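The following note sets out several points for a colleague who is examining the coordinates. Please read each point alongside the structure shown here.

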Amino acid sequence: MKKLLFTLLAIVATVITTQAQTSLVATLSHEGKTSAYYGAEALVNAAAAAENGDVITLSSGTFKGATIAKSITVRGAGMSVGDDGSLPTVISSNMTVSVNNITLEGLYVNAILYIDGYTNSNDMFIKCRFTYVATSGSGNAYNMRFIHCKIANGTQFYDNSSATFVNSIICKPNGSCLYNFLNCVILFTQGNNQGGYGVSPSAIVNSSLTNCFVYSVGTNGFPKSTTPAYNVGSKEVLWNNSTLASNAVVEDFTTLFKDFTGEYGDDVTFKLTATGAAYLGSDGTQVGIYGGSLPFDPTPTNPRITKAQVAGQSSANGKLSIELEVNGANH
């Protein structure tokens with residue numbers, strides 16, 4: 001985690017009101033100009049005003065979901081409580097992304113993310129938590145990328161959609177899609193599944209798995225197209241490609257993790273025990289979300305102001321000294 005400490009000298013042109021300091025805030029950056037929107041519908045209003053290439057930044061707090069219909073970036077304060085005590089940005093209702101090249105980062109989406117399968121490609125989701133992710137309509141969405149994400153209750157993508165998951169936790173992925181899992185934890189459990197699909201590993205029919213943990217309860221079968229890279233499954237996952245020596249089956253899967261007891265939870269870290277860490281991937285690093293070149297870190301990459309000290313009065317020339325501490329992840 002990077003920590004930047006710097007002093008800004010700025011001419012005071014406006015007064016920040018108490019309402020602005022305490023309200024839910026969404027800022028919209030457009031061609032060097034910034035507009036602010038307040039309240040639970042701040043994201044909805046900012047998204048409606050946005051143009052291609054704009055950036056919306058959300059404060060901590062709970063916002064209503066929006067339809068993102070422009071190729072923009074939406075950044076939140078994080079999907080969990082930060083090590084510094086910072087609070088997450090929560091989206092309380094369904095969201096829809098309906099154009100190409102949208103980026104969402106640092107959001108806890110306590111609802112469904114719909115991806116318009118007729119128009120979408122190259123969307124990126126970074127350090128976000130979703131309840132459920134699905135394509136809307138019957139079209140394919142291509143080249144979706146999920147990096148350091150959590151998906152709690154399943155995915156359902158149409159037909160030949162394609163998605164890459166990097167150092168992420170995915171519950172019950174499903175669909176005849178082109179999936180690429182790299183350093184992931186993939187769970188097929190008996191808990192609730194939002195869409196009623198994907199409760200068996202056999203639901204994945206076109207997948208590439210590299211350096212992943214795959215856990216299943218009461219199911220059998222596994223993707224026939226598994227790649228010959230190091231993947232570890234529970235005893236109930238029957239590897240169809242059993243001749244791949246790099247695949248391993250573990251009798252008691254819970255011995256691999258310090259805090260996993262058999263069901264997904266937002267607070268489960270999936271950090272490895274000594275037993276789990278002994279499984280090395282094809283790149284020589286540990287299997288799972290803390291291995292590879294991008295170890296899991298929920299801290300958003302975009303800088304977040306975590307401390308502000310404002311001078312009691314401006315200087316003789318009308319300038320005000322503001323000391324800010326800005327934290328962000330290294331990746």
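1. Which residue in strand 22 is the bridge partner of Ile186? The partner is Val214. This pairing, like every other feature discussed below, is taken from a predicted model. Strand 20, residues 185–188, runs parallel to strand 22 and is joined to strand 22 by four bridges.

2. Strand 22 also pairs with strand 23, which spans residues 231–234; the sense is parallel and there are three bridges. Val214 takes part here as well, with Gly233 as its bridge partner in strand 23. Val214 thus has bridge partners in strand 20 and in strand 23.

3. Strand 22 covers residues 212–216, and five of its five residues are buried. Side chains in a regular strand alternate between the two faces of the sheet. In strand 22, Cys212, Val214 and Ser216 point one way, while Phe213 and Tyr215 point the other way. The residues of both sets are buried.

4. A separate point concerns the open sheet of ten strands, whose order is 3-2-4-7-10-12-14-17-19-21 and whose pairing is mixed. Its edges are strand 3 (33–38) and strand 21 (207–210), each of which pairs on one side only. On average, neighbouring strands of this sheet are turned by 10° against each other, with direction ignored.

5. Within that order, strand 2 stands beside strand 4. Strand 2 (residues 25–30) and strand 4 (residues 55–58) run antiparallel and are joined by four bridges. Ala26 stands opposite Leu58 of strand 4.

6. Is His148 buried or exposed? His148 counts as buried because its relative accessibility is 1%, and the cut-off for buried is under 20%. This residue is found in the loop between strand 14 (144–147) and strand 15 (150–151). A polar atom of the His148 side chain lies 2.8 Å from the backbone oxygen of Leu294. The side chain of His148 also reaches the backbone nitrogen of Asp297, at 3.3 Å.

7. The final point is the second largest pocket, which holds about 460 Å³ of space. It is lined by 24 residues, and those closest to its centre are Ser80, Val81, Asp83, Phe296 and Pro298. How does the lining divide into nonpolar, polar and charged residues? Ten are nonpolar, six are polar and eight are charged.

How values were computed:
Residues are numbered from 1 along each chain as its sequence is written. This is a predicted model: local features need pLDDT of at least 70, side-chain atom pairs count only at pLDDT 80 or more; totals for chains, interfaces and linings use all residues. Side-chain values use heavy atoms; hydrogens and water are left out. On a 1 Å grid over the protein atoms alone, a cavity is a set of points where a 1.4 Å probe fits but cannot get out, and a pocket is an open set with protein on both sides within 12 Å along at least five of seven lines; lining residues have an atom within 4 Å of a point. Grid points are joined across faces, edges and corners, and a volume is the space filled by probe spheres set on the points. Ala, Val, Leu, Ile, Met, Phe, Trp, Tyr, Cys and Pro count as nonpolar, Asp, Glu, Lys and Arg as charged, and the others, Gly among them, as polar. Two strands pair if DSSP finds at least two bridges between them. Helices (H or I, at least four residues) and strands (E, at least two) are DSSP runs, numbered from the N terminus. Axes are lines fitted to C-alpha atoms, for helices over the stretch in contact, and angles run from 0 to 180 degrees between N-to-C directions. Buried means under 20% relative accessible area, exposed over 50%, partly exposed in between (1.4 Å probe, protein chains only). A polar contact is a pair of N or O atoms within 3.5 Å; within protein, one must be able to donate a hydrogen and the other to accept it, and residues adjacent in sequence count only if both atoms are side-chain atoms.
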